[in-house]
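Please consider the structure shown below. The paragraphs that follow lead through a strand and its partners, a cysteine, the aromatic side chains and the salt bridges.

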Amino acid sequence: MLHELKDIIRSAKIAKEKGIKTALASVVALDGSSYRRPGVRMSVQNNGKMIGAVSGGCVEKEVLRQAQSVFESDQPKLMVYDGRYRLGCEGILYILIEPFDPEDEFYTAFETQCTSRKPFTISSTFSKEEDKRFQGLSTFHFSNATYAVSKNSSNDTSLDVFQQTIQPGFKLVIIGSEHDAVQLCKYASSTGWEVDIIAPPDDPKSINNFPGASNYHGISETEFGSFELDLQTAIMFMTHSYVKDLKYLSVVTEKEVAYIGLLGPSKRREKLINEMLERNENISYDFFDRIHGPAGINIGAETPQEIAISILAEILTVIRKQKPISLRHKTGGIHQ
C-alpha cells in the first residue's frame, strides 16, 4: 500500500503549491465484505482530480461528491456507503473524508521515512454515531516525529480508532539485464514494487533500458554483497550465466530476504546449491529453503511477459503465505 500512499502525498504536495485543496479519504471500518479492506486510501482535489481508489470504481464517484462539503467546511466527515444494493460485494464501508493540509515539514519527513525502509503507523479517529460523524483525524507516526493531516483536532476520547502499520515498500532486485529481466521489471514496477537492476560492471545497458526501474547498478558480486537487504525484498537471479549466478548468489547467503528465485531447470538449481556447499559447508538450510527454482508457478507461461507474471505470482504467494489455488475453489472470504 505504500506506493499508493506515495502517489497520494506527492500529488497533494504539488496541489498545495498550486493552491489546490486536497481531501484524504480512508476506509476505517467495514461491515461485511468489500472489494478492498480497511486501510486503503485515496485523495480528492477540489479541481476534481482523484488519486488512488477505495474500491473497484463505484464508490469513488460518491467520495468525490461528498468531499465537496469537506472542501467548503474544512471539517472531516464519516461517509457511510452501503454496497449491499449497489455493488457485487455485500458490505457497508465507513470512509473518513478529511482535509489534507499537514505542515510543510511533513512532506520531507514522509520521504525520509520511506527511504529508511522502516515501518510507520497511521491512526484515524472516527465515530459511527450520527452526532459524531463530523469528527475525526488521521495522524502519521514516523520514527522521529508525529504529524496530523490537518489542524482539526478532537479531544473526544470516545471516538473509535483505526490504526494501521505501513510496511516499507516491497523491493525486487533483479540480477541480470536480458530481455526477460526488462519484462519482469515492467510488470513489477506496475505492481507498485521498487525495482533495482544489478548487472556486471561491463554490461553496456543503463537504467534507460528498464522502464519502471528505481535504480540500475553495474557492479561486481563483491559490491553487491555490501547491499542492505531486508525481509521486504525479493531477489531474482536471471543472468542466463551459471557462473555469474553462482558468484552473485554466493554473496547473499547471510542476507535475510523474503524470496530468492532462479531461472532454469531444477537440475541447474541443484548444481548451484551443491557447488555452493562445496565452497562453504556452513551455509544454513534456511537459506536454501528460500530458493525457488525454477522460479514461478505453473500457469503455462511461455513468453517473457507470461513468465514475469508467473514469477510475480509466486513471490506474492510466498510473502502473503498463500497456497496458489483458483479462487472458485477457495472457501470463506477472498481476503481470509
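A residue is called buried when its relative accessible area is under 20%, exposed when that value is over 50%, and partly exposed in between. The model discussed here is a predicted one.

With that cut-off in hand, strand S13, which spans residues 233-237, can be examined. Five of its five residues are buried, and the strand is therefore described as mostly covered. The side chains of Thr233, Ile235 and Phe237 point one way from S13, while those of Ala234 and Met236 point the other way. Residues on both sides of S13 are buried.

Strand S13 has two strand partners to consider. Strand S10, residues 171-175, pairs with S13 in the parallel sense, and five bridges connect the two. Within this pairing, Lys171 stands opposite Thr233 of S13. Strand S14, residues 259-262, also runs parallel to S13 and is joined to S13 by four bridges. Here Ile235 is the residue that stands opposite Ile260 of S14. How are S13 and S14 related through helix H6? Together with helix H6 (residues 242-250), the two strands make a β-α-β unit that is right-handed.

Attention now turns to Cys185, a residue of helix H4, which covers residues 179-190. Is Cys185 buried or exposed? Its relative accessible area is 0%, and because the limit for burial is 20%, Cys185 counts as buried. Which residues does Cys185 touch, apart from its neighbours within four places in sequence? The contacts are with Ile174, Val195, Ile197, Phe210, Pro211, Gly212 and Ala213. Val54 offers another reference point: 131 residues separate Val54 from Cys185 along the chain, and their C-alpha atoms are 26 Å apart.

The aromatic side chains form a further theme. The count of aromatic pairs comes to 17. In one of them, Phe106 and Tyr107, the ring centres are 5.5 Å apart and the planes meet at 80 degrees, so the arrangement is edge-to-face. Phe106 has a relative accessible area of 1% and is buried; Tyr107, at 6%, is buried as well. The pair formed by Phe142 and Tyr147 is instead classed as tilted, with 5.9 Å from centre to centre and 50 degrees between the planes. Both Phe142 and Tyr147 are buried. These four residues belong to one aromatic cluster, which also includes Phe100, Phe110, Phe120 and Phe140.

Tyrosine rings also meet charged groups. The charged end of Lys128 sits over the ring of Tyr94, at 4.3 Å from the ring centre. In the case of Lys271, the charged end sits over the ring of Tyr242, and the distance to the centre is 4.7 Å.

The last theme is that of the salt bridges, of which the structure holds 15. One of these brings together the side chains of Lys6 and Glu194, with an N to O distance of 3.4 Å. Lys6 lies in helix H1 (residues 2-17) and Glu194 in strand S11 (residues 194-199), so this pair ties together parts that are 188 residues apart in sequence. Both Lys6 and Glu194 are buried.

A salt bridge also joins Asp101 and Lys16, at 3.3 Å from N to O. This pair likewise links distant parts of the chain, for Asp101 is in the loop between strand S5 (91-99) and helix H3 (105-116), Lys16 is in helix H1, and the two are 85 residues apart. Asp101, at 33% relative accessibility, counts as partly exposed, and Lys16 is partly exposed at 32%.

In the salt bridge between Arg65 and Glu62, the N to O distance is 2.6 Å. What separates these two residues within helix H2, residues 59-73? Arg65 and Glu62 are three residues apart in that helix, which means a separation of about one helical turn. Arg65 is exposed, with a relative accessible area of 53%, whereas Glu62, at 17%, is buried. Elsewhere, salt bridges that share partners join Lys6, Arg117, Glu194 and Asp230 into one network. The bridge between Lys6 and Glu194 thus has both of its residues in that network.

Technical notes. Residues numbered from 1 in each chain as written. Predicted model: local features only at pLDDT ≥ 70, side-chain atom pairs only at ≥ 80, totals over all residues. Heavy atoms only, no water. Buried < 20%, exposed > 50% of the residue type's maximum accessible area, 1.4 Å probe, protein only. Contact = heavy atoms within 4.5 Å. Pairing = 2+ DSSP bridges. Right-handed = clockwise from strand over helix to strand, strands pointing away. Phe/Tyr/Trp six-rings, centres within 6.5 Å; stacked < 30°, edge-to-face > 60°. Lys NZ or Arg CZ within 6 Å of the ring centre and 35° of its normal. Salt bridge = Lys/Arg side-chain N within 4 Å of Asp/Glu carboxyl O.
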